[in-house]
Amino acid sequence: SNEGGAYTREGVATTEIERDEAKPVNLEEYSSTKELQALGLDRLKAALQVRGLKCGGKLEDRAERLFAVKGITPKDYPAKLLAKKVKKN
């Protein structure tokens, strides 16, 4: 297992920026949707996906959706924000 090397990809150390992008977004560190928007579309998408939330839309949409769940547990997330579960036939 590669426990100590969480920041390496195929044995190559990643840059500081990539390392930062791989870090989960801690919503407690953000006090506005504007601050979240600074993360950019890709980080917001990843942060939404990790939480099972809809991840499409404009930068503002994604930031607002993410900010809306700050401080609430996943079981209390508003249904309208949740990504549709893909039904397997």
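## Exercises on a predicted model

Ala-46 is partly exposed, with a relative accessible area of 36%. The model used in these exercises is predicted.

**Exercise 1. Place Ala-46: which helix holds it, and how far is its C-alpha from that of Pro-24?**

Step 1. Find the element. Ala-46 sits in helix H3.

Step 2. Classify its exposure. Buried means under 20% and exposed means over 50%, with partly exposed in between. Ala-46 has 36%, so it counts as partly exposed.

Step 3. Look across the chain. Pro-24 is 22 residues away from Ala-46 in sequence. In space, their C-alpha atoms are 8.5 Å apart.

**Exercise 2. List the elements of the protein chain in order, then describe its surface and its contacts.**

Step 1. Count the elements. The protein chain has four helices and two strands.

Step 2. Put them in order. Starting at the N terminus, they run β-β-α-α-α-α.

Step 3. Turn to burial. The protein chain has 89 residues, and 24% of them count as buried.

Step 4. Add the surface. The accessible surface is about 6,700 Å². Carbon and sulfur atoms account for 54% of that surface.

Step 5. Check the contacts along the sequence. Take those between residues at least 6 apart. Of these, 37% join residues at least 24 apart.

**Exercise 3. Describe how H3 and H4 pack.**

Step 1. Recall what is needed. Two packed helices are described by an angle between their axes and a distance between the axes.

Step 2. Give both values. Helix H3 covers residues 41–50, and helix H4 covers residues 59–68. They pack at an angle of about 35°. Their axes are 10 Å apart.

Step 3. State the hand. H3 and H4 make a left-handed crossing.

Step 4. Name the residues that make the contact. H3 contributes Leu-41, Asp-42, Leu-44, Lys-45, Ala-47 and Leu-48. H4 contributes Leu-59, Arg-62, Ala-63, Arg-65 and Leu-66.

Step 5. Sort the contact residues of H3 and H4. Seven are nonpolar, four are charged and none is polar.

**Exercise 4. Which residues touch the most other members of the largest nonpolar core?**

Step 1. Start with the core itself. It has 15 residues. Val-25, Leu-36 and Leu-66 touch the most other members.

Step 2. Find the contributing elements. H3 and H4 are the elements that give two or more residues to this core. H3 gives the most, with three residues.

Step 3. Follow Leu-66. Set aside residues up to four places away in sequence. Leu-66 then touches Val-25, Leu-27, Leu-36, Leu-44, Ala-47, Leu-48 and Arg-51.

Step 4. Follow Val-25. It lies in the loop between helix H1 (16–22) and H2. Its relative accessibility is 7%, under the 20% cut-off, so Val-25 counts as buried. Not counting residues up to four places away, Val-25 touches Tyr-30, Leu-36, Leu-39, Arg-43, Ala-47, Arg-51 and Leu-66.

Step 5. Add one distance. Val-25 and Leu-36 are eleven residues apart along the chain. Their C-alpha atoms are separated by 9.1 Å.

**Exercise 5. Is Lys-34 buried or exposed?**

Step 1. Locate the residue. Lys-34 is in helix H2, residues 33–37.

Step 2. Apply the cut-off. Exposed means over 50%. Lys-34 has 61% relative accessibility, so it counts as exposed.

Step 3. Relate Lys-34 to Glu-64. They are 30 residues apart along the chain, with 8.9 Å between their C-alpha atoms.

**Exercise 6. Where is Gly-56 found, and which residues is it in contact with?**

Step 1. Find the loop. Gly-56 is between H3 and H4.

Step 2. Judge its exposure. Its relative accessibility is 36%, so Gly-56 counts as partly exposed.

Step 3. List the contacts. Leave aside neighbours within four places in sequence. Gly-56 is then in contact with Arg-62 and Arg-65.

Step 4. Finish with Leu-44. Gly-56 and Leu-44 are twelve residues apart along the chain, and their C-alpha atoms are separated by 9.5 Å.

Terms used. Residues numbered from 1 in each chain as written. Predicted model: local features only at pLDDT ≥ 70, side-chain atom pairs only at ≥ 80, totals over all residues. Heavy atoms only, no water. Buried < 20%, exposed > 50% of the residue type's maximum accessible area, 1.4 Å probe, protein only. Contact = heavy atoms within 4.5 Å. Areas by Shrake-Rupley, 256 points an atom, 1.4 Å probe, with all protein chains shown as cover. Axes fitted to C-alpha atoms, helices over the stretch in contact; angles between N-to-C directions. Left-handed = near helix turned anticlockwise from the far one by under 90°. Nonpolar A, V, L, I, M, F, W, Y, C, P; charged D, E, K, R; others polar. Core = buried A, V, L, I, M, F, W, Y, C linked by side-chain atoms within 4.5 Å.
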